Amino acid sequence: MNTTTADYTREVPVVVGRPNASEIEAVIAAPLDQFPPRGWWIAFSVTLSMLTLGACCIGVSVYKGLGVWGVNQPVGWGFDIVNFVFWIGIGHAGTLISAILFLMRQRWRTGIARFAEAMTIFAVICAGIFPLLHTGRPWLPLYLTPYPNQHGLWINFTSPLVWDVFAVSTYFTVSLVFWYLGLIPDLATLRDRTTSKVKKTLYAAFSLGWRHSHRHWHHYERAYLILAGFATPLVLSVHTIVSFDFAVSVIPGWHTTIFPPYFVAGAVFSGFAMVQNVLVVVRRIFNLTHIITLDHLEKMNKVMILTGSMVGYAYGMEFFMAWYSGNQFEQFVFLNRALGPYAWAYWTMVSCNVIFPQLFWIKKVRRSIPMMFAIGILVNVGMWFERFVIVVTSLHRDFLPSSWGMYVPTFYDVGILVGSFGLFFTLILIFIRTLPVVSISEVKAVVEGAQPHHD
Amino acid sequence: MTKGPLYAITALFDTPDAVMHAAGETAKVFTHYDVNTPYPLHGMDHAMRLRPSRMGFFALAFGLLGTVSAVGLMTWVTLVEYPMVIGGKPFWSWPAFVPIAFELTVLLASVLSVVAMIVIYFKFPNNRHPLHDTMYMRRVSSDMFGVYVKAEDPAFDEQKVRGHFARLGATQIDAVYFIVPEETERPKIFEPKFLGVLAVTAIVAMGATYVTYNKLLYMVPFNWMSDQAKLKAQKPSDLFGNGIGMRPPVEGTVARGFLPYPFKGKPDDAGKYLLNPLLPTAAVLERGKSKFLTYCSPCHGNFGSGDSRLAGQFPSPPTLHSDKVRNWPDGNLYHVITEGQNVMPSYATQISREDRWAIVHYVRVLERAHNAKESDLR
Amino acid sequence: MSTTAIPENVKRPMPPSVVHLGWFLLAGGLIVFLGAYVTDARRAAFDNVILLLFLASLAAGSLFLVALEHLAGAVWSTPMRRLIEFLAGLTPLLPLVGLPLLFHLHDLFHWTHAEVVAGDQILQGKTAYLNVPFFVLRFFAVCLTWLLFFWLFTRNSLKQDRTGDQKLTTRNARLAAAFLPVFAITLTVTAVDWGMSLEPHWFSTIFGVYYFAGTALAAVALATLVVVYLLDAGYLPPLRGDNLYSLGALMFAFVNFWAYIAFSQFLLLWYANLPEETFWFMHRWEHGWQVVSISLIVVHFAVPYFALLPQEAKMDRKRLKIMAIWILAARLVDLYWLIMPSFGDSVTLGWQELGIPLVATGLVIVVLAWKMQRHNLVPVGDPKLSRGLDFRL
């Protein structure tokens, strides 16, 4: 494909090759009719073992108590909160692709939106485990909700931890509803093409009887737009509320006003890296390279430069203001991050988040599958370390030197992190074999020739 | 399977332009018709002359409901039910309410709008519609576009409709019949099977909740925080000989702010050194009277003359108007109340020190009344 | 396949009555400022800062919108892009607007007083950044940088009118990519220097983002106003509601974004309740400033939010025109709320402040008129133009 001179007079087709509706349907629905191949089973056994490891570590943590973790004074929040913020952040890319790109009428989102939304839901499930566990008595989640009780107790509505409860639950519910709404027409299509009686009953039940009636499409499109319109500020608000967990405190390195947009940009950054990584694999194994094209991947990489630069801007602003404020505690935090005992984490974060993604300025790198995959992985590592640096370095050395200490994660901390990745990828593996990974009806609608001509 | 009456005549079209044109033409003649496409076509709303969807109002209404409930709940809790000073902020701190109010607005607006749309507009779930499992539905689900006119349309005539579609260039025209039994266009929410599943789910959920919160939470390891090894009030203990966890204070323990009675067994010293700290005001005398009547009168009589019900039983409670008692300094009286005397027990645990002094004042009043002089009347 | 004909490459100057109005407003505003400087130089300087920040918003914000179109490859804005480039023509005038201020730095900033700094350890720590030579240097560096990018963007765009060379669009896209980080830094410097250092003991890492939110909003509002106005007057080829929708949607989005940033800044400082930070908001809650603070929420958020919420409202020309004017006025209220409390404790509003909207309006009209006289209103050489004219949602 010759790209020396781009032709701006013509719109770049979203789907390559002008397949017709039934071809699109066939290629997307193909994996659902086949028994999973060996590669899938190998991957599934790996992720399932990771999940099992995590489950065992969680079991021990519940039985023996959180003393088996590395958290203690002064670092009361460790891997638990780092992982929570990490996973919530990953989820944001899905909503951004699905909702925000929809509002911006970017039709290239159709190939990747379904998968991204599913990833959001799975990421939020993984994220939700951590705040639940870190309460110490995860079997009493009701205590986090405002219900009338005999103790006469109510939750503290002014605490950001309570805001988190509402934000994450809302995010999960709305994402699930949005994803399901998009699935209804596809489930109806699958219902009408499947030959298996069991599958047909399931598809029929979950598609609720969708008939592709335009009188329904009429309301459906409006509802989709409304949901997208609500999901957009929702996604901003969720990670903003997560950032409030830190920013409303008085801890140097945490109490800084730029946290809300900085966290949101960082979330989108890490989320896109994860989506890009997984899609690079999925499009190859399912022969979807003409629907999830190199152009789409390139656009995702451009979004990564944009959000990565916003994260870099935030690093710079924090650093400058730490100096400008004249606050010695604030100044010390930043010196400690770069030169103290956790400097290795800090420099990993800076190189993975700021330095390596700059390679995406080069078009060749943006369009190279191996390179973008590698940078995506590095970004994910870097963003995990960013949360680690924020949480641990600010806690381990704050105001009083006599209170300083070190944080050392235990086997169980690491095991639960590994387990969360296991859960995430297990859910993805199950998803790709039970539901269409690309939105069949949306892609059919954006192929060339799909829409009537205007008179 | 016998077919029911005719439901509609359906027609399939190959291209989006064809179905758009067909929809426009059909809208001119008929009212009870619909269009089926595998994905929404731009401009079909206009061709079918559909009014703009009212979903936006639903969303706004539910959203406002969310905002009002959230702010209402938080206001009630922080102002009425459970006011607490948190971080030195006022009870009603509106900036802190914004995040939760926003989340609940979005939650209710999104979820309830979609539910309302599915139940009210679509009348779903409904898998018994006549169009299901027809060739027409299979094609429009996949790659063709369709229009159908219902038999109930006032202008319906089967031949006319078939001709109408043929003129518009339909590739396939079919008749679709109701499945017997009828009533396939109403929602199936009240179907017995669905209600049965709902009932089973409810029972299972209730049972699981009951078992969890009433049985499971009292089992190991969930009960470790409630069953702690430390001793609490009323708990037994193996550590002590008498098996009681609560122990009395050690002999000689003195409470804070309390001096032990210094004149134990020394009535004369008490009389010599103790002075009544209270003044004989009306309030004090009232108190003294009330306490006297409660504690002293059962034995010593209502006016201290020893004429109570116990008089006549050996040993009789003495009168308080004897010369001995009248000549006692106040401290002696106080001592007797504190330590008891002969058969009279100590009233130290029942009457506070101040009250004892009040009683002393009252006894003096009684004594003076009992031995009144002329001069007292002036 | 375009159904709308591409307009010819001809200039359509603004009607003389409007041009005269522009000059009249500008002259009037300048006289007000002159009078203000003569009667109370310190107050005039503060008003001048508001004017500078407002015009910088419009100029740099317009450049930002141009860059955004090139970067995103958007087509709906192509028919309007030349107009936005005209509005970015305010950029060369910014040094002139800031010039009087350079002679009044002493009236504006505490940190320019050597004796104040000598007695204040915190201010001494900041002298590496807050000193007059570096301050002036930064101001001119920012203006020059914006001028450079303005010149490069418009040169490519105008050249394309003549040659129709598609490589110029690619060049502009690359230029836009380079511009964005530069824009972020220069805009932050402007906000920190002229806005935040008025209160040198105070600091907020989100301040640059706050000013950016206002900037983007102001630029979109001005672009909307000019586009709708010229569309109604027949100066632009007929554009459907579909093109205007994105302008309405952007205004709505940035209203929300501004409110989000403003509230975040407030909530965090309110929550932690540190006196070294909260005094800035306390200033804006005492001596009459409460009224301005509350009206800011209503005027800058509540009204535009509900007015632009319905989908139809975002395409309706009348609604867009009214809300664009409203939002620009709200921007002035926001900047006034930001800057003026550093002048004095109580709310100072008088004839002197009238100079700000007079000069701003007059200047925009004069610059627009000058540009319309010299260049074509529509980028006829742009390869995306036909797609833009046919754009449907």
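## Close-up views of a predicted three-chain model

**View 1. A tryptophan between two helices of chain C.** Trp285(C) sits in the loop that runs between helix 12 (275-283) and helix 13 of chain C. This model is predicted, so keep that in mind for every view that follows. With a relative accessible area of 45%, Trp285(C) is partly exposed. That value falls in the range between buried, which means under 20%, and exposed, which means over 50%.

**View 2. A nonpolar patch shared by chains B and C.** Here Trp285(C) joins a nonpolar surface patch of about 1,100 Å². From chain B come Trp76(B), Leu79(B), Val80(B), Val85(B), Phe91(B), Trp92(B), Trp94(B) and Val98(B). Chain C adds Ile294(C), Ile297(C) and Val298(C) alongside Trp285(C). Look for helix 3 (55-81) and helix 4 (94-121) of chain B, together with helix 13 (289-308) of chain C: these are the elements that give two or more residues to the patch.

**View 3. A positive patch on chain C.** Which residues form this positive surface patch? They are Arg155(C), Lys159(C), Arg162(C), Lys167(C) and Arg171(C). Two elements of chain C, helix 8 (132-163) and helix 9 (167-194), give two or more residues each. Helix 8 of chain C contributes the most, with three residues. Lys167(C) has its place in helix 9 of chain C. Its relative accessible area is 48%, so Lys167(C) is partly exposed.

**View 4. A salt bridge from chain A to chain B.** Side chains of opposite charge can pair when their charged atoms come close. Over all chains, the structure holds 33 salt bridges. One of them joins Lys200(A) to Asp133(B), with the closest N and O atoms 2.6 Å apart. This pair crosses between chains: Lys200(A) belongs to helix 6 (residues 197-206) of chain A, and Asp133(B) to the loop between helix 4 and helix 5 (135-142) of chain B. Are these partners buried or partly exposed? Lys200(A) counts as partly exposed at 25% relative accessibility, and Asp133(B) counts as partly exposed at 49%.

**View 5. A salt bridge within chain B.** In this view Asp355(B) forms a salt bridge with Lys291(B), and their closest N and O atoms are 3.8 Å apart. Asp355(B) lies in helix 12 (residues 353-370) of chain B and Lys291(B) in helix 9 (residues 282-300), so the pair ties together parts that are 64 residues apart in sequence. Asp355(B) is buried, with a relative accessible area of 9%, whereas Lys291(B) is partly exposed at 23%.

**View 6. A buried salt bridge in chain C and its network.** The side chains of Glu69(C) and Lys384(C) meet in a salt bridge, at 3.4 Å from N to O. How far apart in the chain are the two partners? They are 315 residues apart, so this pair links distant parts of the chain. Glu69(C) is in helix 2 (residues 41-72) of chain C, while Lys384(C) is in the loop between helix 15 (351-374) and helix 16 (385-389). Glu69(C) counts as buried at 3% relative accessibility, and Lys384(C) counts as buried at 2%. Both residues belong to a network of salt bridges that also links Arg81(C), Arg82(C), Glu85(C), Asp161(C) and Asp382(C).

**View 7. The covered side of helix 5 in chain B.** The buried residues of this helix are Tyr136(B), Met137(B), Val140(B), Ser141(B) and Ser142(B). What covers them? From chain A, the cover includes helix 1 (21-33), helix 5 (160-193) and helix 15 (440-446). From chain B, the cover includes strand 1 (3-13), strand 2 (33-36) and strand 3 (145-150).

**View 8. Two buried residues in chain A.** Start with Thr95(A), whose place is in helix 3 (residues 79-103) of chain A. Thr95(A) counts as buried, at 7% relative accessibility. Leaving aside neighbours within four places in sequence, Thr95(A) is in contact with Ile100(A), Thr120(A), Tyr171(A), Ser175(A), Ala231(A) and Val235(A). Now turn to Ala127(A), found in helix 4 (residues 113-134) of chain A. Ala127(A) counts as buried, at 0% relative accessibility. With neighbours within four places in sequence again left aside, Ala127(A) is in contact with Phe84(A), Trp87(A) and Ile88(A). Ala127(A) and Ile88(A) are 39 residues apart along the chain, and their C-alpha atoms are separated by 5.7 Å.

Conventions. Residues numbered from 1 in each chain as written. Chains lettered and ligands numbered in written order. Predicted model: local features only at pLDDT ≥ 70, side-chain atom pairs only at ≥ 80, totals over all residues. Heavy atoms only, no water. Patch = residues over 30% accessible without salt bridge, like charges linked within 9 Å, V, L, I, M, F, W, Y side chains within 5 Å. Areas by Shrake-Rupley, 256 points an atom, 1.4 Å probe, with all protein chains shown as cover. Salt bridge = Lys/Arg side-chain N within 4 Å of Asp/Glu carboxyl O. Lys, Arg positive; Asp, Glu negative; His and termini not counted. Charge placed at Lys NZ, Arg CZ, Asp CG, Glu CD. Helix = DSSP H or I, 4+ residues; strand = E, 2+ residues; numbered from the N terminus. Buried < 20%, exposed > 50% of the residue type's maximum accessible area, 1.4 Å probe, protein only. Contact = heavy atoms within 4.5 Å.
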